[in-house]
Amino acid sequence: MTFSSISALSPLDGRYAAKLAQLRPLMSEQGYMHRRVQVEVAWFIKLSDAGFSEFKPLTPGARTYLLGLVKNFSEADGEAIKAIEKTTNHDVKAVEYWIKSKFEARPELVAAQEFVHFACTSEDINNTSHALQLKGARDLVLLPALDAVIAKLRAMAHGFADVPMLSRTHGQTASPTTVGKEVANVVVRLAAARDKIASVKIMAKMNGAVGNYNAHLSAWPDFDWEAFSRNVIETPEPLGLGLTFQPYSIQIEPHDYMAELFDAIARADTILIDWARDVWGYVSLGYFKQKLKDGEVGSSTMPHKVNPIDFENAEGNLGLANALLKHLSEKLPISRWQRDLTDSTVLRNMGVAIGYAVLAYQSLLTGLNKLEINEDAIAADLDASWEVLAEPIQTVMRRFGLPQPYEQLKKFTRGAAMTRELMQGFIAGLAIPEAEKERLLAMTPGSYTGMAAELAKRV
């Protein structure tokens, strides 16, 4: 069967394939193989520099050639490894055999070929490869996509900082805010979540079958294998892996950092679900219009419709991402005794989880870029809600010791339709200093926004 965008089982590789082109080389099986070759080559080159008489330092030409296998790794190379796997029925061994096949016609490398995958268990290669995949996906794709959303929201917070807006708590009219301040709330939350994602240390181990360097020490018992392993893992790319050394493990790296990373991404996603729903509501209220695009259809039967589809798509895909991220974070740190294989197939879905998150960030950004503020609708909503001034009036009454201010305003306003005339008539009858009375009389729902504008501009 020939696969195409309409025959793909996953929409990430079908309908949304073009939107995830940057992620695919990192998180696909091709990307996984690529990283495995990188790890094997880094380990091999470092072994040649370890001082063993049996494995002399590689020549500059051999090093350049080996690093070229990593730099120029292609889809054809991935297919060649898959062909070998049909015989080995073992994916890591297939990578080892493919690397050795590239040593032909190079006597220096042929002579040292048994140092490829030396003393390593498959998980030494797999966990480091997964770590490299996650590091690349986070730093090159996910964080830039999230940063673009944050940047857009920050621009909105500043641009709409002074636009007064009616709040709704419990769905009911409440103390006014500004549009920018409501966006600023999201910026602050999202920036903090973003920093949590970026700060997770990406861990890796290379310590053998059960984490004790057993095979390593059987070959060279006096060599400091732990220091060597740390050096391979922490030396920056391309000569090392540029990861954080994990000193304690069973056969697999514990995956606790993965759980931390996935939980951090899920936290950012949850904030964005909250925001996507709020924006959907603001569009429904008419606070925002959406820019029209020629040829687009909102409904197959209702010609007038311009649906907030980008926010709906974002919410749906964020939910999918979080469902997978939750399973990953709960499952991956658990392994029976020194190793079971339940993590292996689950780990192959990391790219799916991250893919849905990145897709959602793109949808959200697209939606945000379509928004146009409707200040007339927002102002009209405020002008129809004079009851929100019951709060400042009763607060000033409290200041000057008037009896039962809350109760008076409750009786006057609760469940009643308030107008400017009614509220100002109430104020006029208050026994408070004339200057304070004038200040309250000058107040409107649109001017009663507290520090909202200042707070919005601060983010």
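Which residues does Lys457 touch, not counting residues up to four places away in sequence? Let's build up to that by looking at the whole chain, and then come back to Lys457. Keep in mind that this is a predicted model.

## The chain as a whole

Start with the building blocks: the protein chain contains 20 helices and six strands. Its radius of gyration is 31 Å, while the globule rule gives 23 Å for 459 residues; the value for this chain is well over that, so the chain is more spread out than a compact globule. You can also picture a box drawn along the principal axes: the C-alpha atoms fill one of roughly 100 × 55 × 40 Å.

How do parts of the chain meet one another? Take the contacts between residues at least 6 apart in sequence: 77% of them join residues at least 24 apart.

## Inside, outside and charge

Of the 459 residues in the protein chain, 48% are buried. On the outside, the chain exposes about 22400 Å², and carbon and sulfur atoms supply 54% of that area.

Charged side chains are present in both signs. There are 49 positive and 54 negative ones, and the centres of the two sets lie 2 Å apart.

## Lys457, in helix H20

Now back to the opening question. Lys457 sits in helix H20, which covers residues 452-458. Leaving out residues up to four places away in sequence, Lys457 touches His158, Ala161 and Asp162. With Asp162 there is also a polar contact, in which the two side chains are joined at 3.2 Å.

Is Lys457 buried or exposed, or something in between? Its relative accessibility is 46%, and because that value falls between the cut-offs of 20% and 50%, Lys457 counts as partly exposed. For a sense of distance, try finding Asn313 as well: Asn313 and Lys457 are 144 residues apart along the chain, and their C-alpha atoms are separated by 29 Å.

## Ser385, in a loop

Our second stop is Ser385, found in the loop between helix H15 (375-383) and helix H16 (390-399). Its relative accessibility is 3%, so Ser385 counts as buried, the cut-off being under 20%.

What does Ser385 touch, not counting residues up to four places away in sequence? Its partners are Leu166, Thr173 and Pro445. The side chain of Ser385 also reaches the backbone oxygen of Asp381, at 2.8 Å.

## Two residues to remember

To recap, Lys457 is partly exposed, whereas Ser385 is buried. Lys457 belongs to a helix, and Ser385 to a loop.

Technical notes
Residues numbered from 1 in each chain as written. Predicted model: local features only at pLDDT ≥ 70, side-chain atom pairs only at ≥ 80, totals over all residues. Heavy atoms only, no water. Helix = DSSP H or I, 4+ residues; strand = E, 2+ residues; numbered from the N terminus. Rg over C-alpha atoms; globule rule 2.2 N^0.38 Å. Buried < 20%, exposed > 50% of the residue type's maximum accessible area, 1.4 Å probe, protein only. Contact = heavy atoms within 4.5 Å. Areas by Shrake-Rupley, 256 points an atom, 1.4 Å probe, with all protein chains shown as cover. Lys, Arg positive; Asp, Glu negative; His and termini not counted. Charge placed at Lys NZ, Arg CZ, Asp CG, Glu CD. Polar contact = N/O pair within 3.5 Å; in protein donor to acceptor, adjacent residues only side chain to side chain.
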